[in-house]
Amino acid sequence: MAAAFAGAYPCPGGYYSGVLLGAYRFGAGRFLVSTFQILNQVDRHPAADRLLVNLLAYGARQARKPAARPSRGLTERLVAIGYE
């Protein structure tokens, strides 16, 4: 959803990249990861306001879909990745 790239001096090694906001599939669902400090900027920066509205609309669309049953072995998978 949002990525950053730096490919010029003064980057050590000459190149950096990373995901600032991403959606990842997990079992039958997905999760979002964000490094943006959206809530700290609401009412201060119009882009934060718009991003929050867009994320809420995205979540509302996903919530209208039928709920899926948890994947077989979900508990073991969560423990394996350190989420208990």
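Is Asp43 buried or exposed? I looked this residue up first, and Asp43 turns out to be exposed, with a relative accessible area of 73%; since the cut-off for exposed is over 50%, that value settles the class. I note at the outset that I am reading a predicted model.

**Entry: Asp43.** I then checked where Asp43 sits, and found it in the loop between helix H1, residues 38–41, and helix H2, residues 46–63. Its backbone caught my eye as well, for Asp43 has a positive phi of about 70 degrees although it is not a glycine. I wrote the background beside it: most residues other than glycine have a negative phi.

**Entry: the overall order.** To place that loop, I went through the elements of the protein chain and noted three helices and three strands, which from the N terminus on run β-β-β-α-α-α. I also looked up burial for the chain as a whole, and buried residues make up 10% of its 84 residues.

**Entry: the hairpin.** Next I followed strand E2, residues 16–26, into strand E3, residues 29–34, and saw that the two pair in the antiparallel sense over six bridges. At the end of E2 I read off two positions across from E3: Arg25 stands opposite Arg30, and Phe26 stands opposite Gly29. The hairpin has two residues between the strands, and Gly27 takes a positive phi near 60 degrees there.

**Entry: aromatic rings.** How many aromatic pairs does the structure hold? I noted two. Phe26 and Phe31 form an edge-to-face pair, with 6.2 Å from centre to centre and 75 degrees between the planes; the angle counts as edge-to-face because it is over 60 degrees. Looking at the wider group, I found that Tyr24, Phe26 and Phe31 form one aromatic cluster. I checked the accessibility of Phe31 too, and at 38% it counts as partly exposed, because that class lies between 20% and 50%. Phe26 has a further neighbour in Arg77, which lies over the face of the ring at 4.4 Å from the ring centre.

**Entry: contacts across the sequence.** I looked up Leu20, which lies in strand E2 and is partly exposed, with a relative accessible area of 27%. The C-alpha atoms of Leu20 and Thr35 are separated by 5.3 Å, although the two residues are 15 apart along the chain. I then turned to Phe36, whose place is in the loop between E3 and H1, and which at 35% relative accessibility also counts as partly exposed. From C-alpha to C-alpha, Phe36 and Leu21 are 7.4 Å apart in space, while in sequence they are 15 residues apart.

**Entry: the largest pocket.** Which residues line the largest pocket? I listed Arg25, Ala28, Gly29, Arg30, Gln62, Lys65, Pro66, Ala67 and Ala68, and I noted a volume of about 190 Å³ for the pocket itself. Sorted by class, the lining has four nonpolar, two polar and three charged residues. Going back to the hairpin, I recognised Arg25 and Arg30 in this lining, the two residues that stand opposite each other across E2 and E3. Gly29 is also in the lining, and I had already met Gly29 as the residue opposite Phe26.

Conventions
Residues are numbered from 1 along each chain as its sequence is written. This is a predicted model: local features need pLDDT of at least 70, side-chain atom pairs count only at pLDDT 80 or more; totals for chains, interfaces and linings use all residues. Side-chain values use heavy atoms; hydrogens and water are left out. Two strands pair if DSSP finds at least two bridges between them. Helices (H or I, at least four residues) and strands (E, at least two) are DSSP runs, numbered from the N terminus. Rings of Phe, Tyr and Trp (its six-membered ring) pair if their centres lie within 6.5 Å; planes under 30 degrees apart count as stacked, over 60 as edge-to-face and the rest as tilted. Buried means under 20% relative accessible area, exposed over 50%, partly exposed in between (1.4 Å probe, protein chains only). A charge sits over a ring if NZ of Lys or CZ of Arg is within 6 Å of the ring centre and within 35 degrees of the ring normal. On a 1 Å grid over the protein atoms alone, a cavity is a set of points where a 1.4 Å probe fits but cannot get out, and a pocket is an open set with protein on both sides within 12 Å along at least five of seven lines; lining residues have an atom within 4 Å of a point. Grid points are joined across faces, edges and corners, and a volume is the space filled by probe spheres set on the points. Ala, Val, Leu, Ile, Met, Phe, Trp, Tyr, Cys and Pro count as nonpolar, Asp, Glu, Lys and Arg as charged, and the others, Gly among them, as polar.
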